[in-house]
Amino acid sequence: MTLSGWTFIGLFAAAAALRFAMRGTKVDAEHLFAALSAYLLAGLYFGLLFWALEQIHPGTVTASNFSRTGAIYYSFVTLATIGYGDIVPRTDVARGLAIVEGVGGQLFLAVLVARLLSLYSGSTRD
């Protein structure tokens with residue numbers, strides 16, 4: 001339970017970094033690093049959430065030895081929507097979490113690129 005709590009705190013930190021990145025009025029390194037941090041934090045903490053879920057309910061995912069490192073690997077594969085298929089969610093909760101992470105990863109990239117492009121385009125007109 002403690003790990004799940006820390007996971008939600010980490011995801012909250014990722015959301016705060018993303019909010020900071022999106023509120024910028026021009027494209028600068030600080031906002032790019034905040035966006036990158038949000039993406040990496042989301043991948044890391046979703047991985048820990050998957051690992052905690054496996055510890056609470058063994059058999060949540062199909063993997064012979066689902067370690068923390070394996071969970072983080074699975075999380076980034078899901079976040080980037082690569083989907084190698086070597087680790088697969090077996091329960092409805094794990095599948096739902098994978099859907100949220102996959103769709104969230106795609107929305108993150110689409111919205112971030114659109115936002116940065118609009119900021120960059122706006123700054124070149126001035």
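**A salt bridge in helix α4 and the helical framework around it**

The side chains of D92 and R95 meet in a salt bridge, with a nitrogen-to-oxygen distance of 3.8 Å, in what is a predicted model of the protein. A search of the whole structure finds one such salt bridge. Both partners belong to helix α4, where D92 and R95 stand three residues apart, or about one turn of the helix. Side chains of opposite charge can pair when their charged atoms come close. The two partners fall into separate accessibility classes: D92 counts as exposed because its relative accessible area is 65%, over the 50% that marks an exposed residue, whereas R95, at 41%, counts as partly exposed.

The secondary structure comprises four helices and two strands, and these elements follow one another along the sequence in the pattern α-α-β-α-β-α. Along its principal axes, the C-alpha trace spans about 55 × 30 × 20 Å. Of the 126 residues of the protein, 37% count as buried, and about 7,600 Å² of surface is exposed, of which carbon and sulfur atoms supply 66%. Among contacts with a sequence separation of 6 or more, 70% are made between residues 24 or more positions apart.

Helix α4, which covers residues 92–125 and includes I99, also contributes to a surface feature of another kind. A nonpolar patch on the surface is formed by I99, V103, L107 and V111, which together have about 370 Å² of accessible area. Within this patch, I99 has a relative accessibility of 56% and is therefore classed as exposed.

The interior contains more than one nonpolar cluster. The largest nonpolar core has 13 residues, and those with the most contacts inside it are F46, F50, F66, Y74, I87 and L97. Helices α2 (residues 29–56), α3 and α4 are the elements that give two or more residues to this core, and the largest share, five residues, comes from α2. One of the well-connected members, F66, is in contact with F50, W51, E54, Q55, V61, A71, Y74 and I87 when its neighbours within four places in sequence are left aside. Apart from this core lies another, of eleven residues, among them A34, A38, L79 and L116.

Residue Y74, listed among the core residues with the most contacts, also takes part in a polar contact through its backbone: the side chain of T78 reaches the backbone oxygen of Y74 at 2.9 Å. T78 is placed in helix α3, which runs over residues 68–79, and it counts as buried because its relative accessibility is 12%, under the 20% limit used for that class. Beyond its neighbours within four places in sequence, T78 is in contact with A98, E101 and G102. A residue in the loop that follows α3 shows a backbone feature of its own. T81 lies in the loop between α3 and β2, a strand of residues 88–89, and has a phi near 55°, a positive value in a residue other than glycine. With a relative accessible area of 42%, T81 is partly exposed.

Helix α1 offers two positions with contrasting environments. T2 is placed in this helix, which comprises residues 2–22, and is exposed, with a relative accessible area of 58%. Although T2 and A52 are 50 residues apart in sequence, their C-alpha atoms are 9.2 Å apart in space. A14, also in helix α1, is buried at a relative accessible area of 5%. With neighbours within four places in sequence left aside, A14 is in contact with A38, L41 and A42; of these, A38 is among the residues of the eleven-residue core. Another residue of that core is L79, and the C-alpha atoms of A14 and L79, which are 65 residues apart along the chain, are separated by 14 Å.

Terms used. Residues are numbered from 1 along each chain as its sequence is written. This is a predicted model: local features need pLDDT of at least 70, side-chain atom pairs count only at pLDDT 80 or more; totals for chains, interfaces and linings use all residues. Side-chain values use heavy atoms; hydrogens and water are left out. Patches are made of residues with over 30% relative accessible area and no salt bridge: like charges are joined within 9 Å, nonpolar side chains (Val, Leu, Ile, Met, Phe, Trp, Tyr) within 5 Å. Accessible areas come from the Shrake-Rupley method with a 1.4 Å probe; for residues, only the protein chains shown count as cover. A salt bridge is a side-chain nitrogen of Lys or Arg within 4 Å of a carboxyl oxygen of Asp or Glu. Buried means under 20% relative accessible area, exposed over 50%, partly exposed in between (1.4 Å probe, protein chains only). A polar contact is a pair of N or O atoms within 3.5 Å; within protein, one must be able to donate a hydrogen and the other to accept it, and residues adjacent in sequence count only if both atoms are side-chain atoms. Contact means heavy atoms within 4.5 Å. A nonpolar core is a set of buried Ala, Val, Leu, Ile, Met, Phe, Trp, Tyr and Cys residues joined through side-chain atoms within 4.5 Å.
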